[in-house]
Amino acid sequence: MTEPSFSSVTPSTLPDQSVDKATARHVVLASFLAWMLDACDFFIVLFTLDDVARSFNVSLQSVLLAPTLTLMTRPLGAFLCGRAADKYGRKPVLILTIIIYSLIELASAFAPTLVIFLALRTLFGIALGGEWGVGTSLIMESVPKSWRGTASGILQAGYPAGYLLASLVFLLLPVLGWRGLFVLGSGAIFSALYIWLRVPESPDWLARQKADTQHGQAEAHLGLLAIIKGNAALCVFAVVLMAAFNFMSHGSQDLYPKVFLALERHVPPTSITTVVVLYNLAAIAGGLFFGFLSQKIGRQYAIIFAAALTLPLLPLWTLPHSLLWLGLGAVCIQFCIQGAWGVVPAYLSELSPPSVRATFPGLAYQCGNLIAASNALLQTWFATQLGMGLAPALMLAVGGGAVVVLVLTLLNARLYPQRI
């Protein structure tokens, strides 16, 4: 394969070899559940960091290594699980991934020391990083072509739904303790049983395996490095785009509730909880709306529209001191940010080379996420340097990410109009 120019950054043909509609509904539900429960388990850790620290009699800073290590190993999980799914099939790898992260969540509940707890959260990152890409390839290759935009929005809505579910589960902390919440989170393993019983293998993967057997060597036998070299522009484009996407989402979520609302705007805890619930519901609605819209106007233009709407909302989201206006700004901006995200599974799947469709979307997502992992540190540093509070830093991170998403997607859309 010769190394292409930027012209490789154009949607590939994703064949319409879907299963019947009744079975496709099970695929959509299963992929949504897997991502929602995965996200829920991740957020349970974030919500219980101080409780874990007290349990192990260590500082909060020591326990903060847990989410950091989880984020660092997510790209490794995307690579390992994606390559396994491209070789052995989407269904068995998705089932195995869910079983692994559920068992790690259960083991975390019984961790006797902080070192073991951190080791388990490191392993959890591998499973967390692997699930999204495998689930994305399964759903995009299984549903009818006319469903892909909506299915993409449903799948991505699993992340804010997991955040919301974790918020509700956290209410049980006084009863169950943090260890009990981890045991409860491990119940995600039952979704693996559902997939095993009701979800078939991707028909596109089966068709390519059959063709590969009949015709001998194919692209699937190429090493990943050869595929990356042959699609260098596409890989760079996807990673930079996903880094910008992650600056939008993490920039709007990581410090907003407990630092900005609580410490700078002095919003009481019960009101913060209400705002978080409302903006997660808006995030779910945004993913569904823009995912559906992408089926009408194209993936690229739906992303551009959502990113563009984010920019004028930044002042409403950060500058008011009234809880009403802050809450309205948070709801509106999460509707747009997660709306843009709702198109991502379909967009990356349609960009992906067919032989690495389980590896490429997840690896691009997680590498972008790794780049954006410095978001909170950058925001706090910028706020300190300016001496104007966190509001300008929040607007810079989210607004900068939205501009990059808008420009890159618009450039690709203008050069290569997307065919759905």
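Start by colouring the two domains separately: the protein is divided into domain 1, residues 21-205, and domain 2, residues 226-415. Keep in mind throughout the tour that this is a predicted model. If you place a pseudo-atom at the centre of each domain, taken over C-alpha atoms, domain 1 and domain 2 turn out to be separated by 20 Å. Selecting the residues in contact across the boundary then picks out 40 residues from domain 1 and 41 residues from domain 2.

Next, select the largest nonpolar core, which has 119 residues and in which Phe117, Phe245 and Tyr256 are the residues with the most contacts. Helix α1, covering residues 21-47, gives the most to this core, with 16 residues. Because domain 1 (21-205) and domain 2 (226-415) both give residues to the core, it lies between them. As general background, nonpolar side chains in soluble globular proteins tend to be buried together.

Within that core, centre the view on Phe117 and show its surroundings. Leaving aside residues up to four places away in sequence, Phe117 touches Val52, Phe56, Ala66, Ser108, Ala111, Trp178 and Phe182.

Now move to a pair of helices, and select α7 (residues 148-156) together with α18 (residues 344-351), whose axes come within 7 Å and cross at roughly 120 degrees. That crossing angle makes α7 oblique to α18. To see what makes the contact, display Arg148, Ser152, Leu155 and Gln156 on α7, and on α18 display Val344, Pro345, Ala346 and Glu350. Coloured by character, the residues of this contact between α7 and α18 divide into 4 nonpolar, 2 polar and 2 charged.

The last two stops concern the backbone, and the background is that most residues other than glycine have a negative phi. Select Asn57 first, in the loop between α2 (49-56) and α3 (60-63). Although Asn57 is not a glycine, it has a positive phi of about 60 degrees. With the surface switched on, Asn57 has a relative accessibility of 71% and therefore counts as exposed, the cut-off for that class being over 50%.

Then go to His266, which is found in the loop between α14 (256-264) and α15 (269-297). The phi of His266 is near 55 degrees, again a positive value in a residue other than glycine. His266 also counts as exposed, at 64% relative accessibility.

Key:
Residues numbered from 1 in each chain as written. Predicted model: local features only at pLDDT ≥ 70, side-chain atom pairs only at ≥ 80, totals over all residues. Heavy atoms only, no water. Core = buried A, V, L, I, M, F, W, Y, C linked by side-chain atoms within 4.5 Å. Buried < 20%, exposed > 50% of the residue type's maximum accessible area, 1.4 Å probe, protein only. Helix = DSSP H or I, 4+ residues; strand = E, 2+ residues; numbered from the N terminus. Domains from an automatic or database assignment. Contact = heavy atoms within 4.5 Å. Axes fitted to C-alpha atoms, helices over the stretch in contact; angles between N-to-C directions. Parallel < 35°, antiparallel > 145°, perpendicular 65-115°, else oblique. Nonpolar A, V, L, I, M, F, W, Y, C, P; charged D, E, K, R; others polar.
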